[in-house]
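Trainee: I would like to go through this model by question and answer. Please show it before we begin.

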Amino acid sequence: MKDFTIPMALVDFIPVILFAIGSVLLLRDLYNKMSKGAFALFAAGTIDVTCAGCLKALYKLLYAAGVCDFEALNAMFFPVQSIGFLLAGLGIIAMLTHRQGTTAAYAIAPPVFSGTFVFVGLMVVGLGLMDACLCVISAKMRKPALIALFAVSFVCSLGMGYLSSQDFAQASMNWIAQFVNIAGQGTFLAGAALLHKNGLAQLKLK
């Protein structure tokens with residue numbers, strides 16, 4: 001029996017909103033620095049992650065409200081989110097390394113199945129690529145404090161990867177995961193906002 005509550009489900013939307021806002025800021029600032037292929041990967045990836053988070057939060061809300069146990073929404077979370085992070089990471093690294101095209105990204109996308117280990121791995125790889133590239137950009141802008149923000153965001157995301165392997169039917173684990181996720185996406189948004197404030201849109205990367 002899952003121990004979800006309506007307040008818990010509503011809080012689950014917070015990190016999704018934080019990530020979505022941070023992603024929009026990055027998409028706007030990096031648009032003129034990316035090839036069409038790289039931008040498409042990054043945009044598709046961040047949209048996938050946002051949708052996955054919304055589906056997960058909606059699942060908890062429907063369950064907590066006693067509407068239904070729509071397990072399909074819950075099952076979609078890891079496949080959609082992990083592949084989304086991987087695409088976003090590939091898109092932003094393509095921007096920094098001049099790699100174009102999208103064939104490689106589609107070739108490594110795994111088939112969807114019920115296990116979570118592969119998806120946690122893909123999520124970590126994608127996040128690692130994305131945060132590492134944002135750290136490189138921060139270094140180019142001579143803003144070392146922003147590197148710390150993206151590093152904290154990545155560590156929190158690693159924590160979420162661990163917590164996802166625990167028993168999420170317990171309310172205590174859900175609340176711990178909520179706070180870790182909010183901290184991770186909050187630092188991501190703070191880093192993206194400060195990059196925007198310090199002139200990322202005008203930065204020449206090449």
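The turns below cover the fold, one helix, a charged pair and the cysteines.

Mentor: This is a predicted model, in which local features need pLDDT of at least 70, side-chain atom pairs count only at pLDDT 80 or more, and totals for chains, interfaces and linings use all residues. Residues are numbered from 1 along each chain as its sequence is written, and side-chain values use heavy atoms, with hydrogens and water left out.

Trainee: How many helices and strands are in the chain?

Mentor: Helices (H or I, at least four residues) and strands (E, at least two) are DSSP runs, numbered from the N terminus. Along the sequence the pattern reads α-α-α-α-α-α-α-α. The count is 8 helices and 0 strands.

Trainee: Does H4 span what its 27 residues should, or something else, and what is the distance between its end C-alpha atoms?

Mentor: The expected span is 1.5 Å times one less than the number of residues. For the 27 residues of H4 that gives 39 Å, which agrees with the distance between the end C-alpha atoms, 40 Å.

Trainee: Where does H4 bend?

Mentor: The bend at a residue is the angle between axes fitted to the seven residues ending there and the seven starting there. In H4 the angle is about 30 degrees, and Pro 79 follows within four residues of the site, Phe 77.

Trainee: Is Gly 89 buried or exposed?

Mentor: Gly 89 lies in helix H4, residues 71-97. Its contacts (heavy atoms within 4.5 Å) include Gly 126, Leu 129 and Met 130, not counting residues up to four places away in sequence. Buried means under 20% relative accessible area, exposed over 50%, and partly exposed in between, with a 1.4 Å probe and protein chains only. Because its relative accessibility is 0%, Gly 89 counts as buried.

Trainee: Which side chains meet in a salt bridge?

Mentor: A salt bridge is a side-chain nitrogen of Lys or Arg within 4 Å of a carboxyl oxygen of Asp or Glu, and the structure holds 1. At 3.8 Å, N to O, the pair is Lys 60 and Asp 12. Lys 60 lies in helix H3 and Asp 12 in the loop between helix H1 and helix H2, so the pair ties together parts 48 residues apart in sequence. Both are buried: Lys 60 and Asp 12.

Trainee: What is the distance from the sulfur of Cys 54 to the nearest cysteine sulfur?

Mentor: A disulfide is a pair of cysteine sulfur atoms within 2.5 Å, and a search of the whole structure finds 0. Cys 54 is in no disulfide; the nearest cysteine sulfur, that of Cys 51, lies at 6.5 Å.
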